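Biologist: Before I rely on any of the labels used for this model, I would like to hear how each one is earned. Could you take me through them after we have looked at it?

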Amino acid sequence: MTPTIQVDSLTRTFKGRPAVDQVSFRVEPGEVFGLLGPNGAGKTTLVRLLNGLLEPTGGTATVFGMDAATQGEAIRKRTGVLTETPSLYERLPAIENLRFFGTMYGVPANELGPRINQLLTFFELDARGHDRPGGFSKGMKQRLALARALLHNPELLFFDEPTSGLDPEAARSVDDLIARLSRESGRTIMLCTHNLEEAQRLCSRIGVINRGKLLAFGTPAELARDLWQGTWVDVTLNPAPTTELIQAVKGLSVALNTQVAGEHLAVQVESPKNIPALIAGIVNAGGQIMKVLPREYSLEEIYFKVQEGES
Amino acid sequence: MNWRIIRAIAWKDLQEVRQNRMAWSPMLILPIIFCIIIPGIVLVGGPSLMASDPNAGTDMMDDMQMLMGILPPDLAAQIQGMNGAQVVAYFVLALMFAPMFLIMPLMTSSVIGAESFVGEKERKTIEALLYTPASDRDLFFGKLLAAVVPALLVAWGSFLLYTLVLNTLGWPIMGRIWFPTPAWLPMMLWLAPAFALLGLLASILISSRVNSFMEAYQLTGILVIPVVLLMVGQVSGLLYVGPSLIFGLGLVVWLVNLGLLALALRVFSRKALFGASP
Ligand SMILES: Nc1ncnc2c1ncn2[C@@H]1O[C@H](COP(=O)(O)OP(=O)(O)OP(=O)(O)O)[C@@H](O)[C@H]1O
Ligand SMILES: [Mg+2]
């Protein structure tokens, strides 16, 4: 199957300064891909490049197997973008905004009316359709912009910081909508964000970008394994381990590293496959195990570890 | 070219302009001044002033004799046999003010052009527009249409109003339907559209360099200069703007437009818009 997005050594410079620097990755159909990075990392530039709004300085980007630099028009027919600012015509009623964009995306005239009504209802804006978005709250504007991105039923959606500036409740409802879009319709989604918690909740795979460089790419578990080499396992014993027991554990061939804190043992093994052997070793040495927990890294830990490695 | 898209953009832009009083109020005020107020002063106020000063008429006739000597023959033929009040009306309304009817479409189109091209940049709405599949060319021509149509409506609407006012208020002086004079039809049908497009293209090109509507608005004011020069030339008697000069001038403006259009099409591309530093 052709990947939905395939990027190879993609580079874009502005006045000699790279905004996107030798980036390579691919996104498979149906995936929710999160692009994480601080301000100015190059996220928006990457979305523009993928939609053919910018000429790459080097490398290639293909979307649906088409070259983004030359076939932008055909790509944009099948993508929907939630831009960083809602980018609405604030002086035109909500319905007129949607009607205009529906026409621009080539939605047939006879389908447009019902489609607009359906989306306004879905986003709980049906009572405000004739009002101008100039007077909407940020959350409402964001939902209207989401409706606009979905008018033409795009297969690939780009969300550029969809919850920035929203209060926690509005942010959560936008996040829920994104999750629903992915779950119910199997759309491919690329989510740009600097909100780690949001990425953790929504994304199956993550790319961490900073100063235009893609520093890490994979599922959170893959990233953790690459970053911390091996799996740390937290073992709780009762009674607390004796010196002999600790020596015995350190002597086990599967234990690469061992740390002690009271009744807790933290042992690094090569992979989760070695956990049974580690438990057997501890039990054989007379340890009484209460709890075994393979350590999972939060996206936040991953993110900061990656950024730290860079500086 | 996708006509449905071009029409949608033009329609959307016009609805937005309608909401921006800054953009459309000049289009309303200028025609009222030039089509009603000034002709009223010249045709009603002028003669009554002359009537109160018995010498004015004779002075005028002396000046006229002198004028006839230096006027281009075409023009002299036109005012042959007119009395003082008729000559004044003819000079002021049919000659001096003619360039105003070029300035009006030029201003209208450049103001709407600035509003629709820079306005979108300024309000950051252009981004969503550029993410649509509409081609650069369709976007461009939609916006062009949004500015040219009202400019021509303003120009031709004002011209009709002017004709009406000049012939009714002028009846006591002229005693006949005297307007439009021969130069006006080619001016309104050939030169005015050329100026409307000139104003628009210039404002689009200026817009691509600036980031606010006010800046673009002020810069396009420069365009009025050639028209003012034309006016000065005419009033000073250096040149008579007759049908042949209008045709020639129009040809030049249309050719300039062609060049500007090619340039504007190149400037107005997604990749140029985003590639440029904000
Ligand atoms: N048109 C442009 N001209 C010059 N520099 C630009 C242009 N567009 C982007 N840049 C630069 O490229 C870099 C990446 O910008 P980009 O907007 O892609 O970052 P981002 O990850 O989206 O940041 P944010 O989280 O703030 O939205 C920044 O340093 C920015 O200043
Ligand atoms: Mg951004």
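Modeller: Donors are N, O and S atoms within 2.8 Å of the metal (3.2 Å for Na, K and Ca), and because water is not among the atoms, sites may look incomplete. This is a predicted model, in which local features need pLDDT of at least 70 and side-chain atom pairs count only at pLDDT 80 or more, while totals for chains, interfaces and linings use all residues. Residues are numbered from 1 along each chain as its sequence is written, chains are lettered from A and ligands numbered from 1 in the order in which they are written, and side-chain values use heavy atoms, with hydrogens and water left out.

Biologist: What makes atoms protein donors of the magnesium ion (ligand 2)?

Modeller: The protein donors are OG1 of A:Thr44 and, listed twice, OE of A:Glu84, lying 1.9 to 2.8 Å from the ion, and the cut-off for this metal is 2.8 Å, so they count. The pair links distant parts of the chain, 40 residues apart, with A:Thr44 in helix α1 of chain A and A:Glu84 in the loop between β6 (79–82) and α3; helices (H or I, at least four residues) and strands (E, at least two) are DSSP runs, numbered from the N terminus.

Biologist: Why is A:Thr44 called buried?

Modeller: Buried means under 20% relative accessible area, exposed over 50%, and partly exposed in between (1.4 Å probe, protein chains only). A:Thr44 has 17%, and is therefore buried, whereas A:Glu84 has 37%, and is therefore partly exposed.

Biologist: How do you know that the side chains of A:Thr44 and A:Glu84 make a polar contact?

Modeller: A polar contact is a pair of N or O atoms within 3.5 Å; within protein, one must be able to donate a hydrogen and the other to accept it, and residues adjacent in sequence count only if both atoms are side-chain atoms. The distance here is 2.9 Å, so the pair falls inside the cut-off.

Biologist: Between the chains, why is the meeting of A:Arg91 and B:Glu115 called a salt bridge?

Modeller: A salt bridge is a side-chain nitrogen of Lys or Arg within 4 Å of a carboxyl oxygen of Asp or Glu, and the N to O distance is 3.6 Å, so the name applies. The count between chain A and chain B is three salt bridges, and ten residue pairs are in polar contact, both residues at pLDDT 80 or more. On the side of chain A that touches chain B, α3(A) gives the most, with five residues.
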